[in-house]
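Here's a chance to talk through how to read a fold at the bench. Have the viewer open and follow along.

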Amino acid sequence: MSNTDSSKRRRFAIALSFPGERREYVEQVANALLPAFGGEKGKSRIFYDNWHEGLIIGYTSDRKLQSIYATESDLIVPFFSEDYVKKDWTSVELRAIEALIFKREFDRVMPFRFDDVEIPGSYDTDIFPLVSKRPAEDVARLILDRYRELHPGMLKEDAPHDDRRGGSVKADISRIMKYAPSNLIGREAETKVLNEAWDQVVRGESKRPHILTFVALGGEGKTSVVAKWAVDLAFQDWPGCDAVLAWSFYSQGTREQLAASSDLFLNEALTFFGDAAMAASAAGAFDKGRRLAQLAGERRALLILDGLEPLQYAPTSPTPGELKDQGIAALLKGLATNSRGLCVVTTRYSIPDLRAYVGKTVAEKKLARLSTEAGVALLQSFDVKGSLRKTIPSSDGRTLWNEFEKLVEDVKGHALTLNLLGSYLRDAHGGDIRKRDLIRLSEADAEEQGGHAFNVMDAYVESLANGGKTADDQAKGRRALALLRLLGLFDRPATANLLAALWEGEAIAGLTEPLTGITEAQRNLALQRLEEAKLLTVMREPGSGALVYIEAHPLLREYFGQRLRDAQPEAWRAAHRRLYEHLCATTEDKPDATLEDLQPLYQAVIHGCQAGLQQEACARVYYDRILRGGEHYTWHKLGAFGSELGAQASFFQTLWSRVSPALTEAAQAWLLNEAAFCLRALGRLTEALEPMRAGLEMRVRQEVWKSAAIIAGNLSELELTLGAVAGAVWDAEQSVTYADRSGYASQRMINRTTHADARHQAGRREEAEARFREAEQMQAERLPAYPLLNSIGSFRYCDLLLSAAEREAGKAEGELKNDEGLVLCRAVAERVAQTLEIGERNHWLLDIALDHLTLGRAALYAAILESRSHQPERAQPFPPMSEESQHGFTTAARDVDHAVSGLRRAGQQDDLPRGLLTRAWLRSLTGPRTGSESAQSDLDEAWEIAERGPMPLFLADIHLYRARLFFDEAKYPWQSPQHDLAEARRLIFKHGYLRREEELEDAEAALEQLVDAST
């Protein structure tokens, strides 16, 4: 450790040292550091040469630079590279750095590197992170973390918060502020909880909630509580906030038929928090969610996620309440683990994914019904009139109620119902509480589906349709009712352009006649009436007053949607057709469309399906304009699998097994396969089985053998991931049969590699090798110029070819001669060098990543075996690095890092654990073993992915790797190596994963020897 005096203030807080060839990247780092030092004025505290040219101009520039780095800066950050060690100017700075190291002021130097250059004065155990693939913001965050450790309280953001006002805070609560009531009644306790949670954030308390979740049935007032609190914070100028973002998921997927997605939210939020590049990338939702957690968690941010239930499994599912969206799961778990701010969530269901954090960094609050007193006050706020004499026996006969109390208790204090009641009684009956008898409240029993609220709306609709003493009053009521019915057509706010498409032009019979031919003033009066009745929210442009959109509570949208669809099916279809046609006609097809650009087309798909135009919407909009044919634009360019699944859901009668019969059989089979692919890409593996099997059955029945072979092969891969090894072998064998019937040579070859891989995982190595050789012979006959298997087939074959070397490298005492293992590794590396060239030429992200993983594995196993060959007396599975094996480990690190980042970019969650496991093994040898970006963190990330899958074969691998890599660790990071090996054994034999049987026995024997030696 250094002897740094944190109380001493030097001229510069941070000095950046780098060669000119790396200026662009380092300047990004410098700019990312500025906010922590007060923005532009922070340049005076950061030495980046372009900002301080005047200091070094003159005859003794070299001495000036040495003084800046050696004595005038708290923290020196060199960015090493080949250029750095060769250039004269940076050698001046390097001498100053070496002087600090000589004085043992190690903590004042924080080195990074761009390549594998040998750094003067360093040891093999020193860590110099590669920055070439890391965002500059990440590096800046690491630098600031070191500076805080050396000089606590010196940064602007770490200063005492005597002045709690936020100043110029970046804040966006526009999506929820419209739900904030002017007067919030009966929610003082919940508001207090929110205030206390935020006060703990501002005070920087370590033991506090990072996530605060409000759980209650629909209509209980969750959104109103949080929106009102947020608006009040805004009025106080955001005390203590660094950034504020609110999002409402109520705007999508409120009907059970629809599948909501976090795609749009993640893109908007990443851009808001400063990573527009990640937002625009094709990275998967999981990686975007994790990145967002990092960005939001490193500042005192307030993040509000309202109405999360569309992204959770329903209470009737096998996994009630669990998050079905990987992006949100990654975000919430990331914030629960590490956050300086607060995330407030509202939802109808508890979130089991956060159960491990509840009581620690997660607080869950059940939003209780309104108290009797609060309910009475709410009714009275609508000028409802009634007797306060307590003459009505309570339901249990223990007390007496007045008329208000009786009404509140009849609806169980349900906030939305009481709001509707108050508005209805006031508008229809002058506030006379006795008219409550016109509503069939006793028949309601399910608030989750509307319950009392729906019955109140029945009475309200009757009043609007038939009430009014004059013809003019009656016309006004019908206009208001028609506006409400329009909202039932939407699963999100109804924008002005779509509303105009409905009420302009020819009237839609049974729906828009009251709105056709009226003036804008008459429409505005109807909207004003409904807004005053608190039945909807109207958003207008500031200044001009032009209509932007109208919105209602999701339960009310659902109410009017159900009633319109059931009572006026022709009007329902006609209205959706008009919306579909309008969206198709007005949406521009942009060459580089963003996810936001495509939203109108996604809406068009939904409306087209509701209009009975499934085949047209599928072919003309979804396939041609969203996917852009076989290009699958939204998958490969935007990584928008969640949005894709939402569009696909519109075509299903039963998710995810029965497609609408309005589609052709070919389209039905195609959609089943598309849905299975998206579900699999999103990590919803168990759900993907149903559409895949249904699609296979349909293609076999149609005798479309190539498609049947593809689906059967995909099904085998999926079953293997889910741990159904025997089923995977069977379906892979069937895929070969179907491929042979198809007559397609390439398909016959591909499906044989699938069958071979399934056999390999089942421990049937000889049979697997025979199948691989058969497939490669087909490849050579089909394409003599490219005789080797490539793509996923190559990876699978190399996995088998390396298995003997892998086992030998992991053993405590070798049996296979080291030169035999080295020959295997070198042969595989030569093979992959050829296939990698094909992948790079075609820009196949997944193939490139898997090829690098194979190269990394081959280099790792070879380095271990070569190192062992120099220590015949002390054979170890993980020997200390020798000079001879250093190059092998360096090569392995480069390829494995490339593989892991490539698998992330390809969005392949079910392949990523392979890369993480290999990197964990490598890091256990070369360091770091524990902490962030270590062998332990790789195993933990792989576990999170595999557990979520579920992917039991990977879980078995992780248990095995934990025990093998950490069995001699002084403080074992998990329960115990004995427990991990027992769990590995259980999973291996439960799932028939017999490929790992010998490795398990090796690990058990090694652990037993260690225990015997210690006793």
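What follows is a dialogue between a learner and a teacher about a predicted model.

Q: Let's start with the sheet. In what order do the 6 strands of the open sheet stand?

A: Read a sheet by walking across it from one edge to the other. Here the walk goes β5-β7-β8-β9-β6-β10, with parallel pairing. The edges are β5 (170-172) and β10 (362-366); each has a single partner strand, so one side of each lacks a neighbour in the sheet. From one strand to the next, the twist averages 10°.

Q: How many bridges pair β5 with β7?

A: The parallel pairing of β5 with β7 (residues 243-248) runs over 3 bridges. To find your place there, look for alanine 171, which sits opposite valine 244 of β7.

Q: And which helix packs on this sheet?

A: That's α12 (residues 326-337), which touches β6 (211-215), β8 (301-306), β9 (342-347) and β10. Its direction makes about 145° with that of β8.

Q: Let's look at β9 itself. How many of its residues are buried?

A: For a strand, check both faces. In β9, 6 of 6 residues are buried, so the strand counts as mostly covered, buried being under 20% relative accessible area. Leu342, Val344 and Thr346 point one way, while Cys343, Val345 and Thr347 point the other way, and all are buried.

Q: Which strands pair with β9?

A: One is β6, joined in the parallel sense over 5 bridges; there, phenylalanine 214 has threonine 346 as its bridge partner. The other pairing named here is with β8, which runs parallel to β9 and is joined to it by 4 bridges. In that pairing, leucine 303 is matched with cysteine 343. Follow the chain from β8 through α12 to β9 and you trace a right-handed β-α-β crossover.

Q: Let's try another strand. Is β3 mostly covered or mostly open?

A: Mostly covered: β3 (residues 73-80) has 8 of its 8 residues buried. Its pairing with β1 (residues 12-17) is parallel over 5 bridges, and isoleucine 14 has leucine 75 of β3 as its bridge partner. β3 also pairs in the parallel sense with β4 (residues 112-113), over 2 bridges. There, the bridge partner of phenylalanine 79 is phenylalanine 112.

Q: How about helices? Why is α9 called largely enclosed?

A: Count the buried residues along the helix. For α9 (residues 263-272), 7 of the 10 are buried, so the rest of the structure largely encloses it. Those buried residues are Asp263, Phe265, Leu266, Asn267, Ala269, Leu270 and Phe272. As background, an α-helix has 3.6 residues a turn, so residues three or four places apart point the same way. Just past α9, glycine 274 takes a positive phi of about 110°.

Q: Where does leucine 264 of α9 fit in?

A: Leucine 264 belongs to α9, but it is partly exposed because its relative accessible area is 23%, and the cut-off for buried is under 20%. Leaving out residues up to four places away in sequence, leucine 264 touches Trp247, Leu595, Glu596 and Gln599.

Q: Now the interior. Which residues of the largest nonpolar core touch the most other members?

A: The general idea is that nonpolar side chains tend to be buried together in soluble globular proteins. In this model the largest nonpolar core has 207 residues, and Met457, Leu489, Leu535, Phe651, Leu860 and Trp921 touch the most other members. Helix α35 (residues 845-869) gives this core its largest share, 13 residues. Zoom in on methionine 457: setting aside neighbours within four places in sequence, it is in contact with Leu420, Leu535, Leu556, Tyr559 and Phe560. There is also a second, separate core of 37 residues, which includes Ala243, Met278, Leu323 and Ala329.

Q: Last one, a charged residue. Is arginine 759 buried or exposed?

A: Go by the accessibility value rather than by residue type. Arginine 759, in helix α30 (residues 745-761), counts as buried because its relative accessibility is 15%. Then ask what surrounds the side chain. A polar atom of the arginine 759 side chain lies 3.5 Å from the backbone oxygen of glutamate 767. Not counting residues up to four places away in sequence, arginine 759 touches Val729, Arg764, Glu767, Ala768 and Arg771.

Technical notes
Residues are numbered from 1 along each chain as its sequence is written. This is a predicted model: local features need pLDDT of at least 70, side-chain atom pairs count only at pLDDT 80 or more; totals for chains, interfaces and linings use all residues. Side-chain values use heavy atoms; hydrogens and water are left out. Two strands pair if DSSP finds at least two bridges between them. Axes are lines fitted to C-alpha atoms, for helices over the stretch in contact, and angles run from 0 to 180 degrees between N-to-C directions. Contact means heavy atoms within 4.5 Å. Buried means under 20% relative accessible area, exposed over 50%, partly exposed in between (1.4 Å probe, protein chains only). A nonpolar core is a set of buried Ala, Val, Leu, Ile, Met, Phe, Trp, Tyr and Cys residues joined through side-chain atoms within 4.5 Å. A polar contact is a pair of N or O atoms within 3.5 Å; within protein, one must be able to donate a hydrogen and the other to accept it, and residues adjacent in sequence count only if both atoms are side-chain atoms. A crossover is right-handed if, with the strands pointing away from the viewer, the path from the first strand over the helix to the second runs clockwise.
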